[in-house]
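Open your viewer and keep the sequence panel beside it. We will go from stop to stop, selecting as we go.

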Amino acid sequence: MPETDLKQQLVERFHEVNGDHPMTDVDDEYVSAQFVVLEELCAVHGRDVDAVRRLMLEQRLPLPGYLRSDGAEMVPADLFALADEAGGVDLLEAWFTAHWADPITGKAEWNAYLSGQYVCLHSVTPATIQRKDYLTAAIAAAANEPDAGSVGWSARLHALVDELDTLEPAFTAYDRLRFGGPTSRDTCIDDVRARFPRP
C-alpha cells in the first residue's frame, strides 16, 4: 500500500478516536516540545515508517498522541520501548495485559493504550498507568477521610498530588476539547492545590 494511503488511513483513524478538533499554534508548540515526529523517530531507530503505520492500523502499536496542524504524526520518544521490553510487537499485548490480575481490566487498558490517548503520562508503562489510577482515586477520596482538614491529612494529600505532578505533563487546550472537559491535571493537581493550600 502506498505511503500516502497508509498515512491517510492513520489520519482517519486518529479522527475517529479523537474527533476533529483544531490545533492552535500554542497546541503545536506544546506538542512539538513533548513529542517527536513519527518519521524522525523511525529514522533514529532504523524502522520503516510504513511498517509502523501498518502496525498502528492493525492495533498492535498505539496511534499517534497528536496530529500537529501541519499533519505531522506526533508520538512519544519511547514509542518502541514497551515492545522492545516485551520481546517484540507480537508479544506486546500478552506482556502488557499480564500486568493486571483481572483480564477484563487488562484488555481495557490495552485498548486505551492503543488509542494513543495516554498523553497524560510522561512515560506510558503498565506501572505508571497503575500508579496514576491509584493516585487519582486516592486524591478524589481524600476529602471524605475522617481527619480531612488536619495537618497530617494535608501532608498526605499533598504528597499524593506532588507524586502525580511528576507523572503528568501540562496538557494543552486541544486535550480538553478531545476529552470533553478538564484533564486529570486540572481536577487532581491544580484544583486540589487551589482548594487545599499547603499549611
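One term comes up at nearly every stop: buried means under 20% relative accessible area, exposed means over 50%, and partly exposed is in between, with a 1.4 Å probe and protein chains only. This is a predicted model, where local features need pLDDT of at least 70, side-chain atom pairs count only at pLDDT 80 or more, and totals for chains, interfaces and linings use all residues. Residues are numbered from 1 along each chain as its sequence is written, and side-chain values use heavy atoms, with hydrogens and water left out.

**Stop 1: the whole chain**

Show the cartoon. You will find 11 helices and three strands. Helices (H or I, at least four residues) and strands (E, at least two) are DSSP runs, numbered from the N terminus. Follow the elements from the N terminus: α-α-β-α-α-β-β-α-α-α-α-α-α-α. The C-alpha trace spans about 60 × 40 × 30 Å along its principal axes. Of the 199 residues, 44% count as buried.

**Stop 2: F35 and Y66**

Now look for rings. The structure holds seven aromatic pairs. Rings of Phe, Tyr and Trp (its six-membered ring) pair if their centres lie within 6.5 Å; planes under 30 degrees apart are stacked, over 60 edge-to-face, and the rest tilted. Select F35 and Y66. Their ring centres are 5.1 Å apart and their planes stand at 70 degrees, so this pair is edge-to-face. The pair links distant parts of the chain, 31 residues apart. F35 sits in the loop between α2 (25-34) and β1 (36-37), while Y66 is in strand β2 (residues 66-67). Are these two buried or exposed? F35 is buried, with a relative accessible area of 13%. Y66 is buried too, at 0%.

Add R178. This residue lies over the face of Y66, 4.6 Å from the ring centre. A charge sits over a ring if NZ of Lys or CZ of Arg is within 6 Å of the ring centre and within 35 degrees of the ring normal. Then jump to R47, which lies over the face of F80 at 4.1 Å from the ring centre.

**Stop 3: helix α7**

Select W110 and Y113. Both lie in helix α7 (residues 103-114), three residues apart, about one turn of the helix. Their ring centres are 5.7 Å apart with planes at 40 degrees, so the pair is tilted. Both W110 and Y113 are buried. Add F96 and W100: ring pairs link F96, W100, W110 and Y113 into a cluster.

Stay in α7 and pick G106. G106 is buried, with a relative accessible area of 0%. Draw a line to G46: the C-alpha atoms are 30 Å apart, and the two residues are 60 apart in sequence.

**Stop 4: T136**

Move to helix α8 (residues 126-141), where T136 has its place. T136 counts as buried, at 17% relative accessibility. Which backbone oxygen does the side chain of T136 reach? That of D133, at 3.1 Å.

Key. A polar contact is a pair of N or O atoms within 3.5 Å; within protein, one must be able to donate a hydrogen and the other to accept it, and residues adjacent in sequence count only if both atoms are side-chain atoms.
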